[in-house]
Amino acid sequence: MASEQDKLLEEVTNREYQYGFHSDIEMDVLPKGLSEEVVAEISRRKGEPEFMLEYRLKAYRNWLKMKVPDWAHLKINEIDFQDIIYYAAPKKKPRLDSMDDVDPELRATFDKLGIPLDEQKILSGIAVDAIIDSVSVKTTFRETLAEKGIIFCSMSEAIKEHSDLVKKYLGSVVPPEDNYFAALNTAVFSDGSFVYIPKGVRCPMELSSYFRINTMNTGQFERTLIIAEEDSYVSYLEGCTAPMRDENQLHAAVVEIVALERAEVKYSTVQNWYPGDKEGKGGIYNFVTKRGLCKGDYSKISWTQVETGSAITWKYPSCVLMGNNSVGEFYSVALTNNFQQADTGTKMIHLGKNTRSLIVSKGISAGRSQNSYRGLVKVSKNADNARNFSQCDSMLLGDKCGAHTFPYLEINNNTAKVEHEATTSKIGEDQIFYCNQRGINTEDAVGLIVNGYVKEVINQLPMEFAVEAQKLLQISLEGSVG
Amino acid sequence: MNISEQDIGFIKLFDSNRSFIEEHASPVVNAEREKAYAAFSAKGMPRPKTEAYKYTNLLPWFKAEHTQAFSLNGEWERVVESFQCNVNELDSYTIYTVNGRYCDSGKNGTLPDGIVVGSFAELSKEYPELMEKHYGSLADVESDGFVALNSMFAIDGVFVYVPKNKVLEKPLQIINILSGDRDLMINQRNLIVVEENAQARVLFCDHTASNMRFVVNSVTEGFVAESGMLDFYNLQNQHNGTVMLGGYYFDQESRSLLNANYFTLHTGITRNNIYARLNGAKAENHVSGLYVIDKNQHVDNFTFIDHAVADCESNELFKGVMDDASTGAFTGRIMVAPDAQRTNAYQSNNNLLLTNSAKINTRPQLEIYADDVKCSHGATVGQLDEEAMFYLRARGISKEEANILLMFAFAYQVIEKINVPALKDQIRELVEKRFRGELDKCDSCVVCGQIGVQQLQTESR
Amino acid sequence: MLKIRNLRAVIDGKEILRGINLDIKAGEIHAIMGPNGSGKSTLAAVLAGNEAFEVIEGSVEFNGKDLLDMSPEDRAREGLFLSFQYPVEIPGVSMTNFLRTALNEQKKYRGEEILSASDFLKLMRDRKKLVDMDSDLTNRSVNEGFSGGEKKKNEIFQMAMLNPGLAILDETDSGLDIDALRVVANGVNKLRRPDNATILITHYQRLLDYIVPDKVHVLFKGQIVKSAGKELAVELEKNGYDWIKQEMEA
Ligand SMILES: Nc1ncnc2c1ncn2[C@@H]1O[C@H](COP(=O)(O)OP(=O)(O)O)[C@@H](O)[C@H]1O
Ligand SMILES: [Mg+2]
């Protein structure tokens with residue numbers, strides 16, 4: 001069986017990245033490098049109000065004083081921040097209200113990715129904000145949403161048209177000095193999505209951003225802000241891909257969510273950035289800060305992520321449970337193969353009373369990859385009756401990879417109930433054998449078993465994404481039995 | 001990294017006492033000292049931000065200004081004469097150390113034939129190659145600045161040697177007494193060698209016998225050779241002014257068995273660094289601990305089980321009860337090396353907080369580089385099981401009594417692991433009394449029923 | 001002995017008991033039957049004082065005292081015994097220590113003399129015989145590692161030790177083989193006196209072959225919808241609960 005497994009393993013490591021094409025879109029690009037001038041130029045090109053420029057410059061100056069974090073279980077090649085393009089936008093500026101104005105090449109790109117921008121073609125009722133390199137190119141279904149008072153637009157637009165909201169909430173969850181990559185993002189972010197759900201409104205459709213890095217040597221620094229007013233509900237999805245390139249590209253995004261009283265926000269990610277080739281060459285460095293603030297009582301924020309891409313993932317979608325009776329959830333599948341490295345998990349910060357959090361993390365390591373769960377559950381002194389349950393499982397496929405678990409439980413209240421469980425094991429040979437005996441080949445059996453293993457997380461995704469995520473896992477995994 | 005003023009203080013202290021220290025130590029200890037000196041000069045003590053010491057900052061106490069125990073030159077050893085540590089009916093061989101020094105008080109009973117216990121100074125003459133082979137080989141001066149500090153100042157210590165095929169029937173009890181009329185800093189060193197097929201049970205009882213502040217930096221290395229067995233018990237029972245850093249480093253060869261148990265029933269600040277390397281196939285490792293603390297006490301158990309080879313098993317259980325404003329911490333790192341296939345490693349850490357000022361930080365960690373493994377860890381913080389509580393009350397048992405029963409049951413799962421019946425009974429009784437509030441929390445002599453500090457001081461006047 | 005009036009109880013905002021009325025006199029045996037999820041265990045738990053459930057209305061009188069006003073332990077000391085449907089395992093608490101504590105607290109409460117250690121052990125031995133319990137089980141922790149059947153036997157053994165005025169047996173028969181069932185039934189019958197009473201919560205007529213009830217009640221969606229003599233149990237066994245449901249919905 002061993003040699004057959006080796007063969008299968010080889011097969012999977014040879015599989016090509018499906019989204020690795022590059023599109024010829026004419027771009028407006030700033031020269032490489034970072035300085036106060038570049039920061040100012042980004043702000044100028046985007047026609048931002050003065051407060052944003054100040055805000056960016058302050059973050060930039062802070063960033064200069066900070067150091068790349070080294071505590072994660074990651075080997076990161078030194079990043080030359082002067083060798084990165086911080087701004088690239090498609091030349092043919094799309095006018096957002098008409099599909100006809102979008103560069104046909106660009107439309108073709110998104111069609112190829114399976115993200116049709118044409119509203120007529122969208123059957124599933126998902127509103128999409130498509131972002132290429134640094135700029136939002138098209139937001140669909142805006143009018144439908146506007147009828148309910150929902151704002152779904154690019155961050156650039158929001159800064160200009162909803163500057164009160166932006167001023168009030170931008171940086172309120174992830175302050176500019178929060179960490180190295182958040183500071184960098186604040187200084188140079190070029191676009192992203194902005195969502196505002198008014199009081200009492202249940203968003204009638206899934207909102208979605210689709211991110212794509214296209215231009216060589218660019219970094220992508222998008223910024224997302226979601227505000228859910230009292231008694232509102234929204235489900236938000238993001239997906240990402242990038243072309244295959246030999247050098248590493250940087251993606252340093254920031255996502256902030258604010259949920260007011262009884263509001264509920266579901267945030268789902270299917271991350272499929274280019275992971276690098278089978279030798280570990282190239283691939284995206286994915287350093288992302290995502291944090292939600294359950295500001296109001298009875299609010300709820302739920303993160304679901306399926307992480308299959310990127311050469312390096314450094315990402316801890318977190319919940320600050322400030323409101324009494326607020327709820328935080330984190331569901332994660334992280335799959336690493338070849339030379340990928342992932343250090344991902346969550347933080348649940350219990351501040352309010354009767355707050356609850358749930359963590360379900362499923363790691364899958366194959367090839368020579370390293371996959372770590374890192375999480376913090378903190379219960380502060382005044383957070384009476386806090387509850388947390390964490391389940392972190394790791395599955396190993398092959399004997400050259402690593403699977404690690406680093407939870408931190410910091411409990412300062414005696415009415416807290418916190419439970420963490422973790423297991424690490426190999427995929428069950430007896431399960432594979434059982435499938436074999438029923439006539440299912442090993443490759444399919446692994447797919448079946450892995451799908452069962454991650455089901456609890458996948459079930460959290462909206463239907464359309466669940467199917468995509470399952471396919472993605474299958475593609476990344478077929479045959480990689482260790 | 002630049003070293004701090006505090007580190008430089010220790011280096012200066014060392015420089016000015018070096019000839020005295022080296023004169024009184026054996027060549028092996030001095031050879032290791034060279035390495036330690038170099039390591040400490042380069043790195044100093046771990047900073048508070050260091051991940052490994054995140055939850056315990058020892059720097060406020062580790063100061064060169066303290067009187068160093070080595071300079072006392074045995075001054076307080078007569079304290080042994082009036083000291084009693086009687087684990088009820090415990091039939092054991094007893095050895096004493098005072099302020100880190102092996103103490104030949106005449107109270108030491110005769111050991112069975114072939115089993116050797118003594119000071120480094122003495123035994124390194126008889127067994128130079130044993131000392132050389134083991135001393136400093138596990139406690140790495142490069143990896144922890146406190147080990148470097150210890151190795152820099154180490155002079156003597158207790159050497160336990162159980163040769164091939166020898167079985168030490170009775171437990172060996174090593175009573176570590178801290179005493180003196182001024183604040184003291186102590187660097188203690190111990191070495192335990194259990195050879196092929198040999199068996200021993202070793203019990204460390206840590207006591208304080210006067211009311212001064214004691215800062216202890218102790219390093220114990222234990223080696224269990226093929227098919228050897230070592231039961232190691234550490235009973236910590238020191239007064240609130242004690243700062244105890246205990247490093248316990250074990251190596252296990254094929255088919256060896258190690259049970260290591262840590263009971264902290266009273267202390268000021270305790271940090272245990274417990275490291276075990278499973279270095280031969282089929283080695284079995286059980287590390288457990290119970291900490292029951294109150295007032296401002298602090299206990300941090302930092303454990304690292306290193307599965308270096310295939311086919312080993314480890315099982316770890318730590319439980320803590322934090323009362324008043326005490327704080328507990330636990331780190332349980334399990335590492336499975338590449339190719340350490342068919343490893344089974346389990347760990348769990350459970351905590352009860354009794355007041356809203358008590359705190360616990362726990363971080364279980366799995367670091368796994370082999371695939372054919374079964375590893376798990378669990379950590380809990382919480383109250384007593386509500387269902388069990390209801391069951392007891394539905395049988396007519398009062399809430400208070402049910403509380404005590406369940407708290408005791410919680411602790412009992414660790415106590416249960418003790419393989420010395422007299423010791424087990426003693427600890428069981430003590431812990432139950434403790435939960436019933438029948439023991440004065442301030443009494444520094446909860447474990448062995450030794451004469452209390454106050455009493456001792458009046459007597460010695 | 002027991003008088004339940006319009007008892008309503010909720011959990012997580014869901015109303016499980018929706019107005020229960022029931023009278024039990026000394027010397028009687030009542031059987032409560034009903035489909036899964038109808039609230040039988042909830043009724044037992046509420047009577048025993050499980051704080052997870054909230055009583056929102058109604059009263060329960062037990063030997064003339066207000067039961068709902070008492071803590072779970074006082075209810076037990078007053079002579080109410082619940083044989084749990086799922087007895088919990090309590091590692092680290094020995095059976096002997098547990099039972100001695102329970103018995104002594106009961107005696108203290110009633111102002112009776114506490115048993116000496118040897119009398120206690122004698123009583124244990126005696127009662128173990130009554131339920132044919134393996135000696136070894138009492139040397140272990142409470143229910144720890146007991147099989148399903150052993151747990152049920154252990155409940156009856158505890159009942160024999162504590163000698164309650166009112167025993168509520170929640171599905172004590174389920175999961176038992178025929179021999180164990182006989183043992184449990186024997187135990188109950190032997191402990192029967194004119195001054196005590198029993199509530200049998202069960203699914204099956206089977207147990208009622210051995211313990212003959214004076215009354216049979218059917219609990220459905222949190223209410224007692226039918227009460228009759230023992231012939232009702234036979235009818236339920238034959239026809240299931242569907243006809244009751246139909247009757248209810250009609
Ligand atoms: N702890 C609980 N939390 C929420 N619902 C419960 C709980 N316990 C019981 N229930 C619900 O109460 C109903 C009655 O349950 P139960 O009394 O156990 O039924 P029975 O014993 O008749 O089978 C069921 O619908 C069950 O789901
Ligand atoms: Mg039931």
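Select Ser41(C) together with ligand 1: in this predicted model, an N or O atom in the side chain of Ser41(C) lies 2.8 Å from an oxygen atom of the ligand. Next, add Thr42(C), where a side-chain N or O atom is 2.5 Å from an oxygen atom of ligand 1. Then select Lys40(C); here a backbone N or O atom is found 2.9 Å from a ligand oxygen atom.

Now display the surface of ligand 1. On its own, the ligand has 560 Å² of accessible area, and the protein covers 64% of this.

Extend the selection to the whole shell around ligand 1, which holds 13 residues. Among the closest are Gly37(C) and Gly39(C). Colouring the shell by residue type gives four nonpolar, six polar and three charged residues. Which element provides the largest share of the shell? That element is α1(C), with three residues. To see it, select residues 40-48 of chain C, and then β2 (14-24) of chain C, which also gives two or more residues to the shell.

Move next to ligand 2, a magnesium ion. Its protein donors are the OG atom of Ser41(C) and the OE1 atom of Gln85(C), at 2.0 to 2.2 Å. Trace the chain between these two donors: Ser41(C) belongs to helix α1, whereas Gln85(C) sits in the loop between β6 (80-83) and β7 (90-94), 44 residues apart.

Finally, select each donor in turn. Is Gln85(C) buried or exposed? Gln85(C) counts as buried because its relative accessibility is 19%, under the 20% limit. Ser41(C), at 29% relative accessibility, counts as partly exposed.

Technical notes
Residues are numbered from 1 along each chain as its sequence is written. Chains are lettered from A and ligands numbered from 1 in the order in which they are written. This is a predicted model: local features need pLDDT of at least 70, side-chain atom pairs count only at pLDDT 80 or more; totals for chains, interfaces and linings use all residues. Side-chain values use heavy atoms; hydrogens and water are left out. A residue is near a molecule or strand if one of its heavy atoms lies within 4 Å of it. A polar contact is a pair of N or O atoms within 3.5 Å; within protein, one must be able to donate a hydrogen and the other to accept it, and residues adjacent in sequence count only if both atoms are side-chain atoms. Accessible areas come from the Shrake-Rupley method with a 1.4 Å probe; for residues, only the protein chains shown count as cover. Helices (H or I, at least four residues) and strands (E, at least two) are DSSP runs, numbered from the N terminus. Ala, Val, Leu, Ile, Met, Phe, Trp, Tyr, Cys and Pro count as nonpolar, Asp, Glu, Lys and Arg as charged, and the others, Gly among them, as polar. Donors are N, O and S atoms within 2.8 Å of the metal (3.2 Å for Na, K and Ca); water is not among the atoms, so sites may look incomplete. Buried means under 20% relative accessible area, exposed over 50%, partly exposed in between (1.4 Å probe, protein chains only).
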